[in-house]
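Here is a short report on sheets, rings and loop contacts. Look over the sequence and the fold before reading on.

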Amino acid sequence: MKLNVAQKLIKDHLVSGEMKPGTEIGLKIDQTLTQDATGTMVMLELEAMGVDSAKTEASAQYVDHNLIQSDHRNPDDHLFLRSAAKKFGLYFSRPGNGVSHPVHMQKLCKPGRTLLGSDSHTCANGCMGMLAMGAGGIDVAMAIAGEPFYVKMPEVWGVKLTGKLPDWVSAKDVILEMLRRHDVKGGVGKIIEYYGPGLKDLSAMDRHVIANMGAELGATATVFPSDKEVKRFLKQQGREEDWQEITADRGATYDLHDEIDLSSLEPLIAKPSSPGNVVPVSEVAGETIYQSYIGSSANPGYRDFAIAAEIVKGKQIANGVSFDINPSSRQILTQLVEEGHIASLLSAGGRLHQAGCNGCIGMGQAPASGRNSLRTTPRNFPGRSGTKEDSVFLCSPETAAASALTGVITDPRTLDMSYPTIKEPKVNFDKEQGMLEEPIDPAEGLNVELEKGPNIKSIPELSPIEDNFEVPVLLKMGDNISTDEILAGGSRVLPYRSNLQRISTFTFEIVDDTYYERAMKQKDEGGHAVVGGYNYGQGSSREHAALAPRFLGLKAVLVKDFARIHLQNLINFGVLPIQFVDDSDYEKIENGDVLVFEGIRDKIRNDNEFEISIKGKDDKIRVRHGLTSRHLDIILEGGVINWIKNKQQESGV
């Protein structure tokens with residue numbers, strides 16, 4: 001059988017199931033990645049599970065999201081994470097070392113391996129010939145403990161790249177073209193594999209840009225071959241021995257097909273407030289901007305900053321524009337300093353921030369209200385920037401830099417200058433010493449005490465679902481509700497990531513700021529349900545978006561369909577995820593309606609379709625679930641933590 005790259009990676013790690021699209025498979029996980037916004041909960045879960053040390057080849061804990069130290073909470077959690085990394089045998093990337101995805105690519109990624117991360121943009125490392133996937137934190141905790149990762153076998157979508165990118169067009173425009181064609185759910189249930197002659201002119205970091213925003217398409221993963229360019233990158237990082245060639249067999253086929261002629265692309269931009277709302281830059285040129293933002297895991301490479309520096313070199317940005325520079329890693333920041341690019345950016349009026357996620361997750365650099373912000377970040381969901389009524393556009397570094405100079409959205413091809421040529425410098429490893437701390441010996445880790453600040457609270461016990469219950473619908477929502485809308489990021493919210501009681505107060509505030517109060521009133525009365533449309537739970541992998549509503553009494557979520565990671569997070573915390581059999585039944589439900597569930601434990605066991613009723617109405621609504629027998633066990637136990645504890649008790653562990 002002729003295999004493509006994705007199939008080779010899956011076959012080499014398959015521990016259960018068959019490679020038949022839509023059926024559940026179990027995969028051995030070689031590496032894991034956690035960051036501080038999700039990792040605190042993962043470390044608490046490892047403690048609750050009684051894990052002594054990581055069973056993976058390499059697991060890394062990064063501090064990149066919550067860098068602002070305005071009070072004790074973030075620094076306390078940094079100390080907690082460092083102690084947990086020592087205790088459980090993880091690499092620890094210190095605050096200021098950079099964003100997890102490019103740092104992992106530089107230091108730990110290996111072609112041919114699987115990587116599971118508690119961050120939806122973990123898929124970025126698919127640029128290196130890895131099967132890299134985002135997941136909820138507890139799935140990553142299970143992988144660290146040596147358990148397989150379970151996922152429905154995706155279809156493999158082959159995207160053939162031909163031609164060469166023209167001047168003023170870069171890798172960000174490639175993934176924006178994919179979003180323009182297919183929108184934010186076009187990749188659901190799929191692995192996107194890029195191949196073809198167009199790859200030869202795309203660097204490893206260019207591929208990172210494209211793979212990173214596969215998450216915005218809803219894809220399970222994005223895969224590139226491990227070829228000579230990947231070998232070149234690893235050699236630059238002093239890790240050439242980690243390279244192995246992984247390419248599709250001659251004659252390999254794909255379940256789905258697409259093709260992009262790179263030479264035909266033009267500068268593109270995603271308008272507010274969805275990554276899929278893509279148009280040519282020329283269509284919105286002339287709109288006034290307040291902010292131009294360079295950086296994030298979606299444009300993390302040296303050339304992404306250097307090209308912006310060369311565009312603004314010797315010039316001044318427009319009055320009234322905040323030109324924010326957010327380096328993606330300490331290594332890249334050092335290179336930019338040594339090559340004079342930081343001086344060019346600062347001289348032009350740029351504002352330099354520390355290496356990390358920063359404004360991408362709403363941690364600083366929030367735009368002014370009622371003003372436009374251009375960003376090279378991966379997402380522009382409502383409120384994600386930290387400004388509730390934000391207006392965020394997603395674009396390439398070329399477009400962001402050109403617009404910073406003019407003060408309006410500008411097609412960079414209209415600038416009166418030649419397209420700069422960027423050469424990547426050598427890496428100076430002596431300037432990175434100690435920023436990525438290596439794991440200590442597991443025997444030493446047993447004696448490490450976790451350093452818990454006052455903001456770190458244990459996860460409360462979650463009770464199993466009842467057989468019969470009636471719950472009011474507290475929210476009825478539309479399509480494409482993101483996890484940022486379910487539970488916002490930003491500097492107000494994320495410092496409470498290890499305090500479930502406190503972080504739950506922010507739940508659904510962007511959708512309806514009365515939700516928390518109403519949910520608390522209903523919590524002791526039997527809980528509640530929410531209803532949504534298509535692609536419910538798109539975006540970030542943060543499990544708090546499932547755990548916080550669950551803490552507030554959420555028992556069931558009824559939607560037209562779910563985003564993959566959020567669906568698994570709901571299952572992991574014992575929330576019943578169901579879908580309309582007939583999408584038109586969505587219109588029958590109103591806010592405040594009471595949904596009646598009868599004999600539910602037997603119904604979900606015996607059939608994947610069943611009826612629920614609306615109290616006081618004659619209507620019956622037929623619903624379905626796509627839960628496996630393992631999912632059902634988890635749901636009926638009240639979530640994965642209960643499920644693991646019961647398994648351990650049964651086995652005498």
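Is F580 buried or exposed? F580 is buried, with a relative accessible area of 1%. The model is predicted, and every value below is computed from it.

## F580, Y586 and the charges over rings

F580 has an aromatic partner, Y586. The pair is edge-to-face, with 6.2 Å from centre to centre and 80° between the planes. Y586 is buried too, because its relative accessible area of 12% is under the 20% cut-off. Y586 also takes part in a second kind of contact: the charged end of K560 sits over its ring, 4.6 Å from the centre.

Another charge sits over a ring elsewhere in the chain. R502 lies over the face of Y496, at 4.5 Å from the ring centre.

## A stacked tyrosine pair

The whole structure holds 8 aromatic pairs. One of them joins Y195 and Y254. Their ring centres are 5.0 Å apart and the planes meet at 15°, so this pair is stacked. The cut-off behind that word is an angle under 30 degrees.

Where do the two tyrosines lie? Y195 belongs to strand β10 (residues 190–195), while Y254 is in the loop between α8 (228–236) and β12 (256–261). The pair therefore ties together parts that are 59 residues apart in sequence. Accessibility separates the two residues. Y195 is partly exposed, at a relative accessible area of 24%. Y254 counts as buried, at 10% relative accessibility.

## The parallel sheet

Strand β10, which carries Y195, is part of an open sheet of 4 strands. The order is β11-β10-β9-β12, and the pairing is parallel. β11 (221–223) and β12 are the edge strands, each pairing on one side only. On average, neighbouring strands are turned by 20° against each other, direction ignored.

Inside this sheet, 6 bridges link β9 (residues 155–162) with β10 in the parallel sense. V156 stands opposite I191 of β10. Helix α1 (residues 5–13) packs on the sheet and touches β9, β10 and β11. The direction of α1 makes about 125° with that of β10. Helix α6 (residues 171–182) packs on the sheet as well, touching β9, β10 and β12. The angle between α6 and β12 is about 130°.

## The mixed sheet

Another open sheet has 6 strands, in the order β7-β6-β3-β4-β5-β20, with mixed pairing. Why is one side of β7 and of β20 left without a neighbour in the sheet? β7 (131–134) and β20 (436–437) stand at the edges, and each has a single partner strand, so one side of each stays free of a neighbour in the sheet. For β20 that partner is β5 (residues 91–93). The two pair in the antiparallel sense over 2 bridges. S93 has L436 of β20 as its bridge partner.

Helix α3 (residues 73–88) packs on this sheet and touches β4, β5 and β20. The direction of α3 makes about 160° with that of β5. Helix α2 (residues 36–49) lies across β3 (31–35) and β4 (58–62). The angle between α2 and β3 is about 110°.

## Two buried residues and their contacts

L67 lies in the loop between β4 and α3. At 6% relative accessibility, L67 counts as buried. Which residues does L67 contact, leaving aside its neighbours within four places in sequence? They are H78, P95, G96, Q354, A355, G356 and N358. Take G96: L67 and G96 are 29 residues apart in sequence, and 7.8 Å apart in space from C-alpha to C-alpha.

H341 is found in helix α12 (residues 341–347). H341 is buried, with a relative accessible area of 8%. Leaving aside neighbours within four places in sequence, H341 is in contact with Y302, A306, A309, E310 and L336.

## Antiparallel strands β21, β25 and β26

β21 (residues 469–476) and β25 (residues 594–597) run antiparallel and are joined by 4 bridges. V471 has L595 of β25 as its bridge partner. β25 is also joined to β26 (residues 609–614), by 2 bridges and again antiparallel. There, the bridge partner of L595 is I614. L595 thus has bridge partners in β21 and in β26.

Technical notes: Residues numbered from 1 in each chain as written. Predicted model: local features only at pLDDT ≥ 70, side-chain atom pairs only at ≥ 80, totals over all residues. Heavy atoms only, no water. Pairing = 2+ DSSP bridges. Contact = heavy atoms within 4.5 Å. Axes fitted to C-alpha atoms, helices over the stretch in contact; angles between N-to-C directions. Phe/Tyr/Trp six-rings, centres within 6.5 Å; stacked < 30°, edge-to-face > 60°. Buried < 20%, exposed > 50% of the residue type's maximum accessible area, 1.4 Å probe, protein only. Lys NZ or Arg CZ within 6 Å of the ring centre and 35° of its normal.
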